[in-house]
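The exercises below are meant to be worked with the sequence and the structure side by side. Please try each task before reading the solution that follows.

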Amino acid sequence: MLRLMIVKIIRWLLVKLGRGGSLPGNIGLKMDSQLLSRFKMPKHVILVTGTNGKTTTSNLIVESLLASGMKVIGNRRGDNLREGIATLLCANSDLHYRVKADAVVLEVDELTIPRVFDQLPVSAFVVNNFFRDQLDRAGEMETIVRKIESVLPDYHGKLILNGNDPNVVRLADCAKQAEVLYFDVKQCAVSLSDSHEASEGKFCPRCGGELHYDYYQYSHIGQFSCPRDGFGRHEAAVCVESIDFNTQTMVVNAQTLPMFQNAIYAVYNCAAVLTLLKALDISWEYAARVFAEFELNDGRNETFMINHEKCVLNLIKNPTGANEVMKMIAHDEQKRSVLIVLNDNDQDGRDVSWIWDAHFDLLIDPLTECIVCSGTRAYDMALRLKYEGYNVGLQVEENLSQAIDKLCECPGTHMVISTYTALQQCRSILRRKVS
């Protein structure tokens, strides 16, 4: 009790000073390495992990459960390491470690899953996708998948898996005691017969044979199966049967629902939420309400009006996520100017070789008036674009504030693409410029 009181006091002081962060949880874990296991958790403890879309999916889950009348807590700002989770639980419990909520929804970093899974009574575990990401920190994707597989043999809860990602589907083979529910998305207007993107889903994890794809949605996400052993064949609990990008609606299990964003990866986020609600026997009407009103922020297609021109900010951190952002930019048939901010700090990943696997060529067309490169690896980014043949309109400005000034001087819609550690600084500068 004394340790928890100390952590609460530290957090109270930091809040009074206008500071947040995970310091209270960090101190709490240093005093008690088993701190997370001390908490008396509610019935619903929901973990969300995966390479892309964790924050959005977990926030959609929080909003849907709140709409259903539950009291819910979650790490909405993405503090997804052990320290951030400990801080959240300490802040929302009494001195007897009782968490004051009906449900706890936690976005959890992939590498952190083994460090928290056995200390929390997880009732539902949602896995979005796995892509190659931050090689210097996480290693190859196979390393991450195996770490998550290691926690599943004794798991008895609900396991909600993206049925169109073979690297996610393989988790079911290790979770014999779990209730597995899949979500799938059928072929749609953006589906392709072949994929030319960085892809880690080519071979069957059971027999090693080559997987057959009926179609790809993006990267290795799509409808697949193994001709030898049937890996990939399953019955989906939730199936997005069709998508209308003109009306921004989708048909799911014969119900027409709104989409919060007109993008294929957003459809998968929605499908994950709907599968969780189905597993909890909660009506989809609450999710439909959330999907219709949900606004992305914090660098996820966040929009600012600067000098009466639209400026859109997006986070990128790996080839797959970057490709989807660039597809969205290329799909807009308006003239645009682009700022790419590439940092290589610890939280970004020191290895920036991933930029050579991303399709920055999608930006190279007559509608792109200029591209400004900034960040600690601005010249690496400029070199990458030069290799794509882009010379006219290419500028380098390492100072971020001056780079944004240069962007705003360029014509057309302004697009800012930023890696993680520059994102909040970009937001702060853009907010000050809002007209």
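## Exercise 1: A salt bridge within one helix

At 29% relative accessibility, Lys 327 counts as partly exposed, a value that comes, like the others here, from a predicted model. Task: find the salt-bridge partner of Lys 327 and state how far apart the N and O atoms are.

Solution. The side chain of Lys 327 meets that of Glu 324 in a salt bridge, with 2.9 Å from N to O, which is inside the cut-off of 4 Å. Turning next to the backbone, one finds both Glu 324 and Lys 327 in helix H12 (residues 319-331), where they stand three residues apart, about one turn of the helix. The last step is to look at cover: Glu 324 has a relative accessible area of 9% and is therefore buried, since buried means under 20%, whereas Lys 327, at 29%, is partly exposed.

## Exercise 2: Salt bridges elsewhere

Task: describe the salt bridge between Lys 335 and Glu 369, and determine which parts of the chain the pair ties together.

Solution. The side chains of Lys 335 and Glu 369 meet at 3.5 Å, N to O. Lys 335 lies in the loop between H12 and strand E14 (336-341), while Glu 369 belongs to strand E15 (residues 368-374), so the pair ties together parts that are 34 residues apart in sequence. Glu 369 is partly exposed, with a relative accessible area of 29%.

Another pair can be treated in the same manner. Lys 406 forms a salt bridge with Glu 397, and the closest N and O atoms are 3.7 Å apart. Here Lys 406 counts as partly exposed at 26% relative accessibility, whereas Glu 397, with a relative accessible area of 15%, is buried. Salt bridges may also be joined into a network, and Glu 142, Arg 146, Glu 149 and Arg 170 are linked in this way. A search of the whole structure finds 21 salt bridges.

## Exercise 3: The second largest pocket

Task: work out which residues lie closest to the centre of the second largest pocket, and which element gives the most to its lining.

Solution. Begin with the volume, which is about 790 Å³ for the second largest pocket. Its lining is made up of 29 residues, and those closest to the centre are Asn 262, Glu 324, Lys 327, Met 328 and His 331. The salt-bridged pair of Exercise 1, Glu 324 and Lys 327, is thus met again here. Two or more lining residues each are given by strand E7 (212-218), helix H10 (264-279), strand E12 (300-306), strand E13 (309-315) and H12. Of the elements, H12 gives the most, with five residues. By character, the lining of this pocket divides into twelve nonpolar, eleven polar and six charged residues.

## Exercise 4: An enclosed cavity

Task: list the residues that line the second largest cavity, and name the helix that gives the largest share.

Solution. The structure holds two cavities of 30 Å³ or more, and the second largest has a volume of about 30 Å³. Arg 3, Leu 4, Val 7, Gly 28, Asp 32, Leu 35 and Tyr 97 form its lining. The largest share, three residues, comes from helix H1 (residues 2-16), and the lining as a whole divides into four nonpolar, one polar and two charged residues.

## Exercise 5: A nonpolar surface patch

Task: identify the members of the nonpolar surface patch that includes Leu 95, and place Leu 95 in the chain.

Solution. The patch is formed by Met 1, Leu 2, Met 5, Ile 6, Ile 9, Trp 12, Leu 13 and Leu 95, which together have about 750 Å² of accessible area. Leu 95 lies in the loop between helix H5 (82-91) and strand E3 (103-107). At 31% relative accessibility, Leu 95 counts as partly exposed.

## Exercise 6: Positive phi angles

Task: decide whether Gln 248 and Asp 281 are buried, partly exposed or exposed, after locating each of them.

Solution. Most residues other than glycine have a negative phi. Gln 248, however, has a positive phi of about 55°, and phi of Asp 281 is near 60°. Gln 248 sits in the loop between strand E9 (238-244) and strand E10 (249-252), and is partly exposed at a relative accessible area of 28%. Asp 281 is found in the loop between H10 and helix H11 (285-293), and with 71% relative accessible area it is exposed.

How values were computed. Residues numbered from 1 in each chain as written. Predicted model: local features only at pLDDT ≥ 70, side-chain atom pairs only at ≥ 80, totals over all residues. Heavy atoms only, no water. Patch = residues over 30% accessible without salt bridge, like charges linked within 9 Å, V, L, I, M, F, W, Y side chains within 5 Å. Areas by Shrake-Rupley, 256 points an atom, 1.4 Å probe, with all protein chains shown as cover. Helix = DSSP H or I, 4+ residues; strand = E, 2+ residues; numbered from the N terminus. Buried < 20%, exposed > 50% of the residue type's maximum accessible area, 1.4 Å probe, protein only. 1 Å grid on protein atoms, 1.4 Å probe; cavity = no way out; pocket = protein on both sides within 12 Å on 5 of 7 lines; lining within 4 Å. Points joined across faces, edges and corners; volume = space filled by probe spheres on them. Nonpolar A, V, L, I, M, F, W, Y, C, P; charged D, E, K, R; others polar.
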